[in-house]
Amino acid sequence: MSVKESTILKTVFISLVIDLLGFTVILPLFPSLLEFYETNDKTYLYNSMKTTVKEFRNLVGVPDSEKIDSVLFGGMIGSLFSLLQFLNSPIFGALSDVYGRKAMIVTSLMGSTVSCAIWAISDSFALFLVARVVAGLSEANVSISCAVIADLPSPKARTQGMAVIGVAFSVGFIFGPMIGAYFTYLFAGEKNFFFGPAIFSLLITSLDVLYVLCFHVETLPVEKRAKSVINSLSDFLHLLNPISLFRFSPIKSLPTSEAVRLRRLGLIYFIYLFLFSGLEFTLSFLAHNRFSFTRMEQGRMFAMLGVTMAFVQGGYVRRNMFGNEKKLAVTGLCMLIPGFLLIGLSNHWTVFYFGLLLFGYAAASVVPCMTSLVSNYGLESEKGRVMGVFRSLGALARATGPVCMSSCYWLMGARSTYVVGGLLLLLPLTLLIRLELKHKAK
C-alpha cells in the first residue's frame with residue numbers, strides 16, 4: 001500500500017470518527033426523548049399518534065403498555081431516517097461520480113449541521129421529526145467514503161479501507177453515546193435535556209466540514225469521472241426501484257457471472273441488515289424497559305459495544321480480512337445468532353451483556369467484509385454507483401427493519417421477536433456459505 005493510499009485512509013478515518021461522534025450521541029436518548037415529548041409536545045402530534053395506536057391496540061388485543069408503544073414509535077422514527085437515506089444514497093453516489101467525492105462529502109456534512117441546529121431547538125415532536133428528516137436526507141458521508149475507498153487502486157488498500165470504516169464506527173460507538181448521556185446531565189438545568197447533546201453534534205459536525213475542506217484528498221480525477229450529470233442521474237428511477245437495486249441494474253459493465261455474484265451479495269446483505277438493524281434499534285428500549293437502564297447506563301452499554309467492535313476490528317478483522325472476507329463474515333453471522341437468542345431470553349444483565357459481546361463481534365465483521373467484497377465490482381467510473389446501490393440496499397433494509405421488528409416487539413414481546421430474528425439469520429448464513437466469489441488479484 002502506497003504512502004498516498006495510507007494518507008487517504010487516515011483522512012477518511014478521522015473524518016468518519018468526527019462525523020460518527022455527532023451521529024451517535026442521540027442513541028441512548030431515544031427512550032427518554034419519547035417520554036419527554038409525551039408530556040411536553042406543544043403540537044400534540046405525539047399524543048394524537050398515541051391515541052391512534054391505542055385504538056388499534058385495543059382492536060387487535062395487544063396488552064396495554066405505554067413502554068411498548070414507545071418501542072413502536074421509536075421504530076417508526078428509525079425507519080423514517082433510513083428511508084430518506086435509501087432515497088439519497090444513490091443520488092449522492094451518482095453526483096460524486098460527476099463532481100468528485102470531496103464536494104459531495106462537504107455537502108452531506110453541511111446538511112447534517114442544519115439538522116443538528118433544528119434538533120437543538122426542537123421543543124415539539126413535530127420539530128424533532130423535521131430534524132430527523134433533514135438528517136436522513138443529508139447523511140451520505142459513510143456512503144461516499146465507501147466510494148473513496150473503492151477508488152483506491154490496490155485491492156489490499158480497499159480491503160483495509162473497509163476495515164478502517166468499521167473501526168471508525170467502533171470509536172463512534174465507544175464515545176458518542178457516552179458523550180450524549182453526559183451532556184444531558186451537564187445541561188440538566190435546561191428546559192430541554194437534549195440541548196447539550198444537540199449543540200455538541202452541531203459543533204463537531206461543523207468541525208468535520210472544516211477538516212474535510214482542509215485535508216481531504218480527491219480520489220476521483222476529472223478524467224475518470226462520469227461525463228455529465230444527466231448521464232450519471234439517468235439511472236435515478238432504477239435506484240428508487242427496489243427490484244432494480246437488487247439486480248444492480250445501473251451497473252452495465254459486468255459480465256453475466258459477475259453480475260449474478262454481485263446480486264447475490266446484495267440479497268444476503270439486505271436480509272442480514274434487515275434483521276440486524278431491526279433488532280439493533282430495539283436494544284435501547286429493551287434495556288430501558290426490562291432492566292431500567294438510565295441514560296448513562298445506556299451510554300455505557302453502547303460504549304461496551306464500541307469497545308468490542310474496536311478490538312475485533314482493529315485487533316483481528318483489519319489484520320486478517322484481505323482474502324478472507326467471506327470466512328470472517330460467516331463467522332460473524334454464526335456469532336450473531338446465539339447473541340440475539342441470549343439478548344432476547346435474558347433475565348439478568350450479565351446474560352444480556354454476554355449477548356451484546358456476540359452482537360458486537362458481528363457488527364464489527366459482517367458489513368465491512370461484505371462491503372470489501374462488493375468494492376471489487378464495476379469500472380472506476382462506476383464505483384460510486386456500485387457503492388451507492390449497495391448502501392441503498394442497506395438503507396432499504398434499515399428503512400424496513402426497525403419498523404417491522406418494532407411492530408413484532410409490540411405484538412409478540414421482546415423474547416419471541418429476538419428468538420425469531422436470530423433463527424431467521426440462518427437464511428443469509430446459508431446463502432453466503434454457498435456463494436462462489438470473484439477472486440481478487442494479489
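This section describes the nonpolar core, the salt bridges, selected polar side chains and a surface patch of a predicted model.

The largest nonpolar core comprises 134 residues. Within this core, the members that touch the most other members are Leu33, Trp119, Phe128, Phe340, Ile343, Phe352 and Leu356. Helix α13, which spans residues 256-290, gives the most to the core, with a contribution of 18 residues. The surroundings of Phe340 illustrate how one of these residues is placed. When neighbours within four places in sequence are left aside, Phe340 is in contact with Leu275, Phe276 and Leu279. The contacts of Phe340 also include Phe359, Tyr418, Gly422 and Leu425.

Side chains of opposite charge can pair when their charged atoms come close. In the present model the count of salt bridges comes to three. Two of them involve Arg101. Arg101 forms a salt bridge with Asp97, with 2.8 Å between the closest N and O atoms, and both of these residues are buried. Arg101 also forms a salt bridge with Asp151, in which the closest N and O atoms are likewise 2.8 Å apart. Because Arg101 lies in helix α5 (residues 101-120) and Asp151 in helix α7 (residues 141-151), this pair ties together parts that are 50 residues apart in sequence. Asp151 is buried, as is Arg101.

The remaining salt bridge to be described joins Arg398 to Glu280, and the closest N and O atoms of this pair are 3.2 Å apart. Arg398 belongs to helix α17 and Glu280 to helix α13, so the pair ties together parts that are 118 residues apart in sequence. The two partners fall into separate accessibility classes: Arg398 is partly exposed, with a relative accessible area of 27%, whereas Glu280 counts as buried at 19%, because the limit for a buried residue is under 20%. Through shared partners, salt bridges join Asp97, Arg101 and Asp151 into one network.

Two serine residues were examined for their polar side-chain contacts. Ser79 is located in helix α4, which covers residues 66-99. With a relative accessible area of 6%, Ser79 is classed as buried. Its side chain reaches the backbone oxygen of Ala399 at 2.8 Å. Apart from neighbours within four places in sequence, the residues in contact with Ser79 are Arg398, Ala399, Thr400, Pro402 and Val403. Arg398 thus appears both among the contacts of Ser79 and as the salt-bridge partner of Glu280.

Ser115 lies in helix α5, the helix that also holds Arg101. Ser115 is buried, its relative accessible area being 7%. The side chain of Ser115 reaches the backbone oxygen of Ser112 at a distance of 2.7 Å. Not counting residues up to four places away in sequence, Ser115 touches Ala131, Val134 and Ala135.

Accessibility and backbone geometry were also considered for individual positions outside these groups. Lys50 is found in helix α3, which runs over residues 45-60. At 18% relative accessibility, Lys50 counts as buried, since the buried class is defined as under 20%. Lys50 and Val17 are 33 residues apart in sequence, and their C-alpha atoms are 36 Å apart in space. Ser292 has a positive phi of about 55°, although this residue is not a glycine. Ser292 lies in the loop between α13 and α14, the latter spanning residues 295-320. With a relative accessible area of 52%, Ser292 is exposed, because the exposed class is defined as over 50%.

At the surface, Leu411, Met412, Val420 and Leu424 make a nonpolar patch of about 360 Å². Helices α17 (383-412) and α18 (414-424) each supply at least two residues of this patch. Leu424 lies in helix α18 and counts as partly exposed at 45% relative accessibility. Helix α17, one of the contributors to the patch, is also the helix in which Arg398 lies.

Methods: Residues are numbered from 1 along each chain as its sequence is written. This is a predicted model: local features need pLDDT of at least 70, side-chain atom pairs count only at pLDDT 80 or more; totals for chains, interfaces and linings use all residues. Side-chain values use heavy atoms; hydrogens and water are left out. A nonpolar core is a set of buried Ala, Val, Leu, Ile, Met, Phe, Trp, Tyr and Cys residues joined through side-chain atoms within 4.5 Å. Buried means under 20% relative accessible area, exposed over 50%, partly exposed in between (1.4 Å probe, protein chains only). Helices (H or I, at least four residues) and strands (E, at least two) are DSSP runs, numbered from the N terminus. Contact means heavy atoms within 4.5 Å. A polar contact is a pair of N or O atoms within 3.5 Å; within protein, one must be able to donate a hydrogen and the other to accept it, and residues adjacent in sequence count only if both atoms are side-chain atoms. Patches are made of residues with over 30% relative accessible area and no salt bridge: like charges are joined within 9 Å, nonpolar side chains (Val, Leu, Ile, Met, Phe, Trp, Tyr) within 5 Å. Accessible areas come from the Shrake-Rupley method with a 1.4 Å probe; for residues, only the protein chains shown count as cover. A salt bridge is a side-chain nitrogen of Lys or Arg within 4 Å of a carboxyl oxygen of Asp or Glu.
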